[in-house]
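Here are a few short exercises to work through with the model open beside you. Try each task before reading its solution.

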Amino acid sequence: MKIEDLNKLENEGTDSLPSEERRNFLRFGLSITGVFLGGSLLSLTSTRNAQGVTLNQFDDAPKYPYKPHYSMIILQNRCIDCERCMEACTKTNNVPSYGFRTKILEQMQTINPTRKEQVFMPVLCNHCNRPSCVRVCPTSATYKNKTNGIVMMDYKKCIGCKTCMAACPYNARYFKEENRAIDKCNFCFDTRLSRGEKLTACANACPAGVRNFGDISDPDSNVYRLLHRPDNVAWVLRPETGSLPNVFYTVG
Amino acid sequence: MNKRHISFGKLLAPMVIAGALLLALNRPGLAEEKYDEETYGPQSPIIWTKPVTAVIFKHKRHTMEAGLECDSCHDGIFQMEAGSAQENDDFTMASLYAGKYCGACHDGETAFSSKSRCTSCHLGVQQYKNLTGGAQQHSGH
């Protein structure tokens, strides 16, 4: 039957369908999903082998695949929104007044019925292991550095379509008029790291030790030790996106 | 008609009494103690912007609510001139940990430690701008 003819047919609905027909249809569907997916993901017959489509599926991937694997550990409870990091970043990377590479978010949190407490949260590019910005870029202007995992920009290739801005789960990108291109945090790679500095401008400027920067693949590094403290809880922002970010949050 | 008038008067009397009571309760000094600057220090908060933006101090919280006297801090720990401490080079967290300035009480025993609950006193740039009417924000234009 052609599609035009199908469109002309009247929908009979499911009410008039005999139950035997429905059972046959369901059985057919189940056996098909069983064949295609090994019965583990979408099977409706047993939940025993069901797996959530979350971070678990990436467990077999190496944890820190780059060398050096640059990462930032943020001790969130220490942040006081002095914004020296933002000042240093703006100065080091020529960020215009309308733009940003890093921000401090603020939120009033209710500790108990009588007490509220301000919480500051520094945010920046998470240099994800699975960066959705890189995936959507039509010109490969944004890419993941194969050595150190930094998500970088090739300004000459950028056509300013802003698709990466929409794709980024962390709102870490802005359009820089001066470059006619997207600009973003690159862990100060061009301005500091490639010139022999060990820290990003923001980490260097922080007076409270909030921003800790280093090679997380090195067990002797400061960041590795901060993240792998026993009995310490660390978290990432928006883990449900499966982007595997390299900016971690914890307290200390 | 006459009946109605009588009932209205009967209603009015308790209403007037209730209103007077409410007014009396709302008067400052009866329901809540009035803030007296002579006793408790300046009402407007002190905001330091050095060495970091910005740290807030409220006299009300410390004198009227916590019961401290003027000479608990003045002139031993802090000079009388509001906000003048930030002109000193040693007005730092390290000094506080060593028991100077706020650290004289905020040591974890007398009051919460200056090594904890950072945002109780640290306002941050955004809130400072909000409090000062965004003056800094527009200075560049």
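## Exercise 1: The nonpolar core

In this predicted model, the largest nonpolar core has 45 residues, and Ile80(A) and Cys202(A) touch the most other members. Find which elements each supply at least two residues of this core, and which of them gives the largest share.

**Solution.**
- Step 1: On chain A, the elements that each supply at least two residues are E1, H3, E3, strand E5 (151–153), H6 and helix H7 (222–227).
- Step 2: Chain B joins in through helix H6 (125–131), which also supplies at least two.
- Step 3: E1(A) provides the largest share, four residues.

Now look at the surroundings of Cys202(A). Setting aside neighbours within four places in sequence, Cys202(A) is in contact with Cys85(A), Ala88(A), Cys89(A), Thr102(A) and Arg211(A).

## Exercise 2: Strand E1 of chain A

Determine which strands pair with E1(A), and in what sense.

**Solution.**
- Step 1: Strand E8 (residues 211–215) of chain A runs antiparallel to E1(A), and five bridges join the two. Within this pairing, Ser71(A) has Gly214(A) as its bridge partner.
- Step 2: With strand E9 (residues 247–250) of chain A, E1(A) pairs in the parallel sense over four bridges. Here Ile73(A) is matched with Phe248(A).
- Step 3: Why is E1(A) largely enclosed by the rest of the structure? Strand E1 covers residues 70–75 of chain A, and five of its six residues are buried, so the strand is largely enclosed.

## Exercise 3: Helix H3 of chain A

List the buried residues of helix H3 (residues 84–93) of chain A, and say what they pack against.

**Solution.**
- Step 1: The buried residues are Arg84(A), Cys85(A), Met86(A), Cys89(A) and Asn93(A).
- Step 2: They pack against strand E2 (102–112), strand E3 (115–124), helix H6 (201–205) and E8 of chain A.
- Step 3: Move on to the residue just after H3(A): Asn94(A) takes a positive phi of about 55°.

## Exercise 4: Chain B and its contact with chain A

Describe the make-up of chain B, then the side of chain B that touches chain A.

**Solution.**
- Step 1: Chain B has six helices and two strands, in the order α-α-β-β-α-α-α-α from the N terminus.
- Step 2: Of the 141 residues in chain B, 15% are buried. Among contacts in chain B with a separation of 6 or more, 33% are between residues 24 or more positions apart.
- Step 3: The contact takes nine residues from chain B and 13 residues from chain A. The chain B side has three nonpolar, six polar and no charged residues.

Conventions:
Residues numbered from 1 in each chain as written. Chains lettered and ligands numbered in written order. Predicted model: local features only at pLDDT ≥ 70, side-chain atom pairs only at ≥ 80, totals over all residues. Contact = placed C-beta atoms within 7 Å. Nonpolar A, V, L, I, M, F, W, Y, C, P; charged D, E, K, R; others polar. Buried ≥ 20, exposed ≤ 12 C-beta atoms within 10 Å, placed from the backbone. Pairing = 2+ DSSP bridges. Core = buried A, V, L, I, M, F, W, Y, C linked by C-beta atoms within 7 Å.
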